[in-house]
2 protein chains.
Amino acid sequence: MTVTVVGSIAFDTVRTPFGEREHMLGGAATHFGLAASFFAEVRLVGPVGGDFGSEELAILATRGTNVDDVERVAGGRTFLWRGEYGWDLNSRQTLDTQLNVFEYFEPKLSDGSCDCELLFLANIQPELQRRVLDQCRGPRFVALDSMDLWIETARDALVDVIGRVDCVILNDAELRQLTARPNLISAARDVLALGPSVVVAKQGEYGAALITREQYFSLPAYPLETVVDPTGAGDTFAGGFLGHLARHVDRPLADRVLRQAMAYGTALASFNVEEFGTERIVRLTAAEIHDRVEDLRRITHLEHDPILA
Amino acid sequence: MTVTVVGSIAFDTVRTPFGEREHMLGGAATHFGLAASFFAEVRLVGPVGGDFGSEELAILATRGTNVDDVERVAGGRTFLWRGEYGWDLNSRQTLDTQLNVFEYFEPKLSDGSCDCELLFLANIQPELQRRVLDQCRGPRFVALDSMDLWIETARDALVDVIGRVDCVILNDAELRQLTARPNLISAARDVLALGPSVVVAKQGEYGAALITREQYFSLPAYPLETVVDPTGAGDTFAGGFLGHLARHVDRPLADRVLRQAMAYGTALASFNVEEFGTERIVRLTAAEIHDRVEDLRRITHLEHDPILA
């Protein structure tokens, strides 16, 4: 199965209470791809600049990810993001964003990327997400992410593209903002009414909730004593989530499959935040992922109460 | 089994996006008692003023709760709280607090209340919690709640009393404040190091986590489309939690018992917030609680992944 992801490839400079790292490989497509590559063939689509080296390209290609559609813009510079996290890592301040090559990005997918079974539209301008969808030849499952900026400035375009995907993965605050509904369940139902079959509400350190027309499922974040750098956790989650769905692409909407996908996404995200940037996921093993998924099952397990039986 | 609770009995005036109610029966001991009364014999200890009527006393006595130790202070006025919730009900502003009879409250427990098997020290001055503990004849399980005010102004007294209880039930932000640890797991471990065997981190709309020396368990809040008034949710949770432990007082620290207790607390709290004040819990039935506990099991259920087997 092939999963195509279209989104940012970036250099991140990040300061957290645990230190600062400059010019690390980052970006939504990068984090997504590194996670999804455990489960499926991944194809990365996104622009980089002349400053993007072969070492970074090698990291993108970890576990066989196809980087043919990583477009190197001659003379351009790679997207830059600089941010700082607060004491408890739950607040983040963006100190600098330089779109660079992303400013004029026009997605052009090769046949191989178009022919994917699963497609992830990472957080980019909704109009660009639409153009990607127009190029793809009927993937069996499409998910998208977005952000407050597009909800504010390109709401109509975002709503249009949401109407064409199977799954929306947003932070709970973004779901509330998009729908003007303070209640998360109501907000999710409004998004389902636009067309998608699945809404995933990311809740940061608290985990994530999955809402379909028939089901509600909630999974806490994996409990960690040390969180070093939350950057990319959401995209890593999406990579694990869609990666698992790729293994069950004949029935991605089965409740059991979706729940397991939540567990894989949660496990992957928990590894991602243990170290800066892509460091931890690059050297992660499948056995470690499986152990953590089993841990998640244990820490959420609630037996039947015999008093109720 | 007898559960004694010592804490506030209050008149609350609450404004939420769903309306405003004046002078409703409220207070930590009230909410706790109404929830715990489904599971055990409850004894309420707390002061009220001459303005406290027989109707309100009848509500406290719902499902047989013993109100002999509800001390009526002649000429005094009942504790008053007035607050307002924001758009998404996650932010709360206290507009007025009048301690009234609570200002000079000196807990005096009757023999019946002292001889309890379980004791809940609701959020009151740590020094008063200590004096209650000094009076009680070895309850088998003691839990306490507290708040930011006491962490700031009476930290040493609070740490002392924490050292004498089995279980601490606090909001996650309070656990962080108490321990100066940004990480919740580290914060909980620091509290366990003070003596308790169980820490419950309440996480508002996200649910609650339970941390012991051996186990971690996390349970989401019950998903509700309509939340009318969150006041008392934490104390209602504690009432369901300790109530269930009262049914298993021979082994309250068994992992399975603690997890079920989390589910009962969560279920009770979810009913509490559906209507203003005590309205919903007063007319709640055991069957409704049991259905919601089963729902919680379903919405958190994660099967073994056959790929892992």
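Two strands count as paired if DSSP finds at least two bridges between them. The exercises below apply this to a predicted model.

**Exercise 1. Describe how β12(A) and β13(A) are joined, and find which residue stands opposite A:A209.**

Step 1. Strand β12 of chain A covers residues 208–212 and strand β13 of chain A covers residues 216–219, and the two pair in the antiparallel sense over four bridges, where the criterion asks for at least two.

Step 2. Between β12(A) and β13(A) lie three residues, and the two strands form a hairpin.

Step 3. Within this pairing, the residue that stands opposite A:A209 is A:S218 in β13(A).

**Exercise 2. Work out the strand order of the open four-stranded sheet in chain A, and name its edge strands.**

Step 1. The order of this open sheet is β3-β2-β6-β7 in chain A, and its pairing is mixed.

Step 2. The edge strands of the sheet in chain A are β3 (19–26) and β7 (92–98), each of which pairs on one side only. Direction ignored, neighbouring strands of this sheet are turned by 15 degrees against each other on average.

Step 3. One of the pairings can be followed in detail, since β2(A) and β3(A) run antiparallel and are joined by six bridges; here A:F11 has A:L25 in β3(A) as its bridge partner.

**Exercise 3. Carry out the corresponding analysis for chain B, and identify the residue opposite B:R82.**

Step 1. Chain B has an open sheet of four strands in the order β3-β2-β6-β7, with mixed pairing, and its edges are formed by β3 (19–26) and β7 (92–98) of chain B, each pairing on one side only. From one strand to the next, the twist averages 15 degrees.

Step 2. Strand β6 of chain B, residues 79–85, pairs with β7(B) in the antiparallel sense over six bridges, and in β7(B) it is B:D96 that stands opposite B:R82.

**Exercise 4. Decide whether A:S8 is buried or exposed, and place this residue in its surroundings.**

Step 1. A:S8 is found in the loop between β1 (2–6) and β2 (10–16) of chain A.

Step 2. A residue is buried if 20 or more other C-beta atoms lie within 10 Å of its own; A:S8 has 25 C-beta neighbours inside 10 Å and therefore counts as buried.

Step 3. Leaving aside neighbours within four places in sequence, the contacts of A:S8 include A:G27, A:A28, A:A29, A:F79 and A:I124. A:E22, which is 14 residues apart from A:S8 in sequence, is 18 Å apart from A:S8 in space, taken C-alpha to C-alpha.

**Exercise 5. Characterise the side of chain B that touches chain A, and explain how the two copies are related.**

Step 1. The contact involves 34 residues of chain B and 34 residues of chain A. On the chain B side, the elements that give two or more residues are α8 (184–193), β13 (216–219), α10 (255–272) and α12 (286–300) of chain B, and the largest share, seven residues, comes from α12(B).

Step 2. Sorted by class, the side of chain B that touches chain A has 17 nonpolar, eight polar and nine charged residues.

Step 3. A turn of 180 degrees, with a shift of 0.0 Å along the axis, lays chain B on chain A with an RMSD of 0.0 Å. The two copies are thus related as by a two-fold rotation axis.

Step 4. Of the interface residues of chain B, 100% are also interface residues in chain A, so the copies meet through the same surface.

Definitions and conventions: Residues numbered from 1 in each chain as written. Chains lettered and ligands numbered in written order. Predicted model: local features only at pLDDT ≥ 70, side-chain atom pairs only at ≥ 80, totals over all residues. Axes fitted to C-alpha atoms, helices over the stretch in contact; angles between N-to-C directions. Contact = placed C-beta atoms within 7 Å. Nonpolar A, V, L, I, M, F, W, Y, C, P; charged D, E, K, R; others polar. Least-squares fit on C-alpha atoms with pLDDT ≥ 70 in both. Buried ≥ 20, exposed ≤ 12 C-beta atoms within 10 Å, placed from the backbone.
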